[in-house]
Amino acid sequence: MSGEKKLVRSRQNKMIAGVCGGLGAYLGVDPTLVRVAFVLIALFGGAAGFAYILLWIFVTEEQG
């Protein structure tokens, strides 16, 4: 099935590792909103930094 969505790290829309760019594409939202959400969660005591590192390790980079 070529139409199924798959979570991958973005190669074009990335600041550090492409995690937020890939999440934005997967969810159909602007990656800037995902980045802001990560920062806000991190500032208010959430585990956003830990989640980002885990996604960086376990989510593959897009081909191409």
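A salt bridge here is a side-chain nitrogen of Lys or Arg within 4 Å of a carboxyl oxygen of Asp or Glu. Keep that cut-off in mind for the opening stop of this tour, and remember throughout that you are looking at a predicted model.

**Stop 1: the salt bridge**

Select Glu 61 and Lys 14 and show their side chains. These two form a salt bridge, with their closest N and O atoms 3.7 Å apart. Because Glu 61 sits in the segment after H3 and Lys 14 in the segment before helix H1 (19-27), the pair ties together parts that are 47 residues apart in sequence. How exposed are the two partners? Glu 61 is partly exposed at 28% relative accessibility, and Lys 14 is partly exposed too, with a relative accessible area of 38%. There is no need to hunt for others, as the count of salt bridges comes to 1.

**Stop 2: the aromatic cluster**

Now clear the selection and pick Phe 38, Tyr 52 and Trp 56. Ring pairs link these three residues into a cluster, and the structure holds 2 aromatic pairs.

Start with Phe 38 and Tyr 52. Their ring centres are 5.7 Å apart and their planes stand at 90°, so this pair is edge-to-face. Colour by helix and you can place both partners: Phe 38 belongs to helix H2 (residues 31-43) and Tyr 52 to helix H3 (residues 48-58), so the contact ties together parts 14 residues apart in sequence. Are these two rings buried or exposed? Both Phe 38 and Tyr 52 are buried.

Next, move along to Tyr 52 and Trp 56. Here the centres lie 6.2 Å apart with the planes at 75°, so this pair is edge-to-face as well. Tyr 52 and Trp 56 are 4 residues apart in helix H3, which puts about one helical turn between them. Their surroundings are worth a look: Tyr 52 has a relative accessible area of 15% and is buried, whereas Trp 56, at 39%, counts as partly exposed.

**Stop 3: the nonpolar core**

Keep Phe 38 and Tyr 52 on screen and add Ala 17, Val 19, Cys 20, Leu 23, Val 34 and Ala 48. Together these make up the largest nonpolar core, which has 8 residues. Which elements give two or more residues to this core? They are H1, H2 and H3. H1 provides the largest share, 3 residues.

Zoom in on Val 19, which is in helix H1. Val 19 is buried, with a relative accessible area of 4%. From here you can step back to the aromatic cluster: the C-alpha atoms of Val 19 and Trp 56 are separated by 6.2 Å, although the two residues are 37 apart along the chain.

While you are in this region, select Arg 35 in helix H2. At 18% relative accessibility, Arg 35 counts as buried. Draw a C-alpha to C-alpha distance from Arg 35 to Ala 17 and you should read 12 Å, for residues 18 apart in sequence.

**Stop 4: the nonpolar surface patch**

Switch on the molecular surface and select Met 15, Ile 16, Phe 50, Ile 53, Leu 54, Trp 56, Ile 57 and Phe 58. They make a nonpolar surface patch of about 930 Å². Trp 56 is one of its members, so you meet the partly exposed ring of the aromatic cluster again here.

Two more members deserve a click. Ile 57 is in helix H3 and is exposed, with a relative accessible area of 58%. Ile 16 is in the segment before H1, and at 58% relative accessibility it also counts as exposed. To see how the patch spans the chain, draw a line from Ile 16 to Phe 58: they are 42 residues apart in sequence and 15 Å apart in space, C-alpha to C-alpha.

**Stop 5: a charge over a ring**

For the last stop, select Lys 5 and Tyr 26. Where does Lys 5 lie with respect to Tyr 26? Lys 5 is over the face of the ring, at 4.9 Å from its centre.

Technical notes
Residues numbered from 1 in each chain as written. Predicted model: local features only at pLDDT ≥ 70, side-chain atom pairs only at ≥ 80, totals over all residues. Heavy atoms only, no water. Phe/Tyr/Trp six-rings, centres within 6.5 Å; stacked < 30°, edge-to-face > 60°. Buried < 20%, exposed > 50% of the residue type's maximum accessible area, 1.4 Å probe, protein only. Lys NZ or Arg CZ within 6 Å of the ring centre and 35° of its normal. Patch = residues over 30% accessible without salt bridge, like charges linked within 9 Å, V, L, I, M, F, W, Y side chains within 5 Å. Areas by Shrake-Rupley, 256 points an atom, 1.4 Å probe, with all protein chains shown as cover. Core = buried A, V, L, I, M, F, W, Y, C linked by side-chain atoms within 4.5 Å.
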